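Biologist: Hello! I am new to this structure and would like a guided tour. Could you take me through it step by step?

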2 protein chains.
Amino acid sequence: MNKKDIAVNKLKSLGDIILEDVHQNNVPAIKVPSRGTSNIVYDTDKRYYVLGDRYGKRSLGNVKQITKIAQMVYVANFCKDLVRRGKTATLREMYYVSEGWDVDFGDQQESNIVGEDLEVTLGMTREDLGLMPEEDGASVYGNITFQDDDVEINALRAGKSGYTISPTIDEVDFVDHDVRRVIAVETMGMFHRMVQENAYKKFDSLIVGLKGQAARATRRFLKRVNEELNLPVYICNDGDPWGFHIAMVIISGSAKLAHVNHQLATPDAKFLGVTASDIINYDLPTDPLKDIDVLRLKELSKDPRYKDEAWQMEIKKMLKIGKKAEQQSFSKYGLEYVVDTYLPEKLESME
Amino acid sequence: MNKKDIAVNKLKSLGDIILEDVHQNNVPAIKVPSRGTSNIVYDTDKRYYVLGDRYGKRSLGNVKQITKIAQMVYVANFCKDLVRRGKTATLREMYYVSEGWDVDFGDQQESNIVGEDLEVTLGMTREDLGLMPEEDGASVYGNITFQDDDVEINALRAGKSGYTISPTIDEVDFVDHDVRRVIAVETMGMFHRMVQENAYKKFDSLIVGLKGQAARATRRFLKRVNEELNLPVYICNDGDPWGFHIAMVIISGSAKLAHVNHQLATPDAKFLGVTASDIINYDLPTDPLKDIDVLRLKELSKDPRYKDEAWQMEIKKMLKIGKKAEQQSFSKYGLEYVVDTYLPEKLESME
């Protein structure tokens, strides 16, 4: 059964639960796993956040919950229609479409939450249900070939800015590749540097330009290349708490998306740099940590995702030196240095 | 002579001016056109902002200007090296590279300004000089074929998110196309809607996803397709002052970039909507104007770029109804409505 059929079946089964209750003269009710903070657990085996066992019950017997159930049924029906017709919609579009429904939403926040309710109840991502994020994912450059509907695309032949991961990345098949690893970088400035210095050849690598915090589509892509193609994933970001955390969300997922981390997190992805040690060892140009950086680093040091020794040591070191450094600061030694010297040394130490 | 040779020659001529002064025992000086507000003029014939005739003189005879001239020479030399080697760098990278120079910069703001000085003095964009913005441009979908180095790319075959306009768009050639117009939309949500509803076929059109305020590369691309391929360009944004202005910067350029508007502005591009009239005629879901929207609309009404009657009328109308509407609000009538009904009606009225 393909993903599309699974989605339609799951959506239909939601309706069946309600219908069955009606036929048996029971008050219809739906179990919705709780997304409250107390039900979000860091799973040390899986190495990402998951939801615990708690759930809430939405019952038509509860006056306060009637609207919520009706909204959920409408959204589910809308999604079923999308998936069947092979279409997608943004959450914003769904919100506007809902103006024509018999139940409506106070604002988009309310309809977004019902979308999440559906994700968590069915155990599928909203992309599987046809509800797409607005934002595109990262740029990919390197020798990999995708099949997207009837089009075959090689990511060396999509232009200097590479192949853009679209929100529908799960419908894209990996046809062929000739790379041994994936290097993801935080900024498009660094992405273009890597392309220009032939880093994709030098390291037999895909280059992925994250554009800051990785979009859901990017996380899904990195998980897929890591698991389906067995490619190691390295992440190279700015050397500051924000760069650390962009990497960590790729590796161990976010608490907010605990219910879909099993589809988004790539626990085997590795943070390559820029570390506090790199700042010292490579004598990089730095900026002093701001109060908010210090605060954030202290938060990270208590976060279960950062519990391993290497992270703890790097966070402490950064707090001690009181400095941060950007990816592009390697240019101090010339534009080529990051590809000719830094990355080979770091990759060797990690592989 | 190609752009690369022109850039190298212009950069060399800057050095020649200084050398000649030295040889003739004059105090070396460089004329830099002024970018001050009083020298930025709206040119009603060209229909965009240009620089006036005023210029400043940077002289080695003035102690305060010695550093500035030295910085400019170093930056020019860096650019000459980039262009000759067929490389590019971001302003951020240049700032870090400058750490190895005999003159340095207090912060990146200072080195950015010297980059602009060079643009305005030589009458070339910084992209021509190898200094690239970080950000990529818009996404393009539709039947156009590009030549980028040795790679030929058709924008129907680059993936669902289309071909990404890279900062080096001026090095890309237009090989072939089979479209009659270009429709640029503000959000990627609308871009994906247009692709999904086959708007590129229906309107024989390129679809361009602007991603908000258009990047320099996007503006350059739109100007080139408009002038080199004679394709009319239509812009469809949110119906609010910000959507208006995203369109206007594409059409008539910004004051800040008056010195390069001749390479970036597309005065024949047309704003298609969403207008205040559309909000009324299509009875769109709206949000009330916020104070900041009202303030901005009043500013726009006094801006010379908005002086024509149609704009003045639409701004007044929006202030009168006190409402704004997003592109995606057409979904009220179903996901297909914007492509099946709104766009055909608007295009017919404009063509």
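Modeller: Gladly, and please keep in mind that this is a predicted model. Let's begin with how the two chains are arranged.

Biologist: What relation links chain B to chain A?

Modeller: Chain B superposes on chain A with an RMSD of 0.0 Å after a rotation of 180 degrees. The shift along the axis of that rotation is 0.0 Å. A half turn without a shift therefore gives the relation of a two-fold axis.

Biologist: Which residue of chain B comes closest to the rotation axis?

Modeller: Here we go by C-alpha positions in chain B. At 2.7 Å from the axis, the closest residue is B:A158.

Biologist: How much of the contact surface of chain B recurs in chain A?

Modeller: The contact involves 48 residues of chain B and 49 residues of chain A. The same surface serves both copies, and the share of chain B contact residues that recur in chain A is 100%.

Biologist: Which three residues supply more of the area that chain B buries against chain A than any other three?

Modeller: Together the two chains bury about 4,000 Å², and 43% of this is on carbon and sulfur atoms. One trio supplies 15% of the area that chain B buries against chain A. Those three are B:E93, B:Y96 and B:K160.

Biologist: Within chain B, are α1(B) and α4(B) roughly parallel or roughly perpendicular?

Modeller: Helix α1 covers residues 3–23 of chain B and helix α4 covers residues 108–122, with axes 11 Å apart. B:K10, B:L11 and B:L14 on α1(B) meet B:L118, B:T121 and B:L122 on α4(B). This contact has four nonpolar, one polar and one charged residues. The helices pack at an angle of about 100 degrees, which means that α1(B) and α4(B) are roughly perpendicular.

Biologist: What is the strand content over residues 134–178 of chain A?

Modeller: An unreviewed UniProt entry lists these residues as "domain: Type II DNA topoisomerase VI subunit A all-beta". The end C-alpha atoms of this stretch are 31 Å apart. Helix accounts for 0% and strand for 42%.

Biologist: Which residue does a cis peptide bond join to A:G273?

Modeller: Omega for this bond is about 5 degrees. The partner is found in the loop between β15 (270–273) and α10 (276–281) of chain A. That residue is A:V274.

Biologist: What is the phi of A:D204?

Modeller: A:D204 sits in the loop between α6 (199–202) and β13 (205–209) of chain A. Although this residue is not a glycine, its phi is positive, at about 45 degrees.

How values were computed. Residues are numbered from 1 along each chain as its sequence is written. Chains are lettered from A and ligands numbered from 1 in the order in which they are written. This is a predicted model: local features need pLDDT of at least 70, side-chain atom pairs count only at pLDDT 80 or more; totals for chains, interfaces and linings use all residues. Side-chain values use heavy atoms; hydrogens and water are left out. Axes are lines fitted to C-alpha atoms, for helices over the stretch in contact, and angles run from 0 to 180 degrees between N-to-C directions. Helices (H or I, at least four residues) and strands (E, at least two) are DSSP runs, numbered from the N terminus. Angles under 35 degrees count as roughly parallel, over 145 as roughly antiparallel, 65 to 115 as roughly perpendicular and the rest as oblique. Contact means heavy atoms within 4.5 Å. Ala, Val, Leu, Ile, Met, Phe, Trp, Tyr, Cys and Pro count as nonpolar, Asp, Glu, Lys and Arg as charged, and the others, Gly among them, as polar. Copies are superposed by least squares on the C-alpha atoms of residues with pLDDT of at least 70 in both. Buried area is the accessible area (1.4 Å probe) that two parts lose on being put together, summed over both. UniProt positions are given in the numbering used here, feature names are shortened, and annotations may be inferred rather than shown by experiment.
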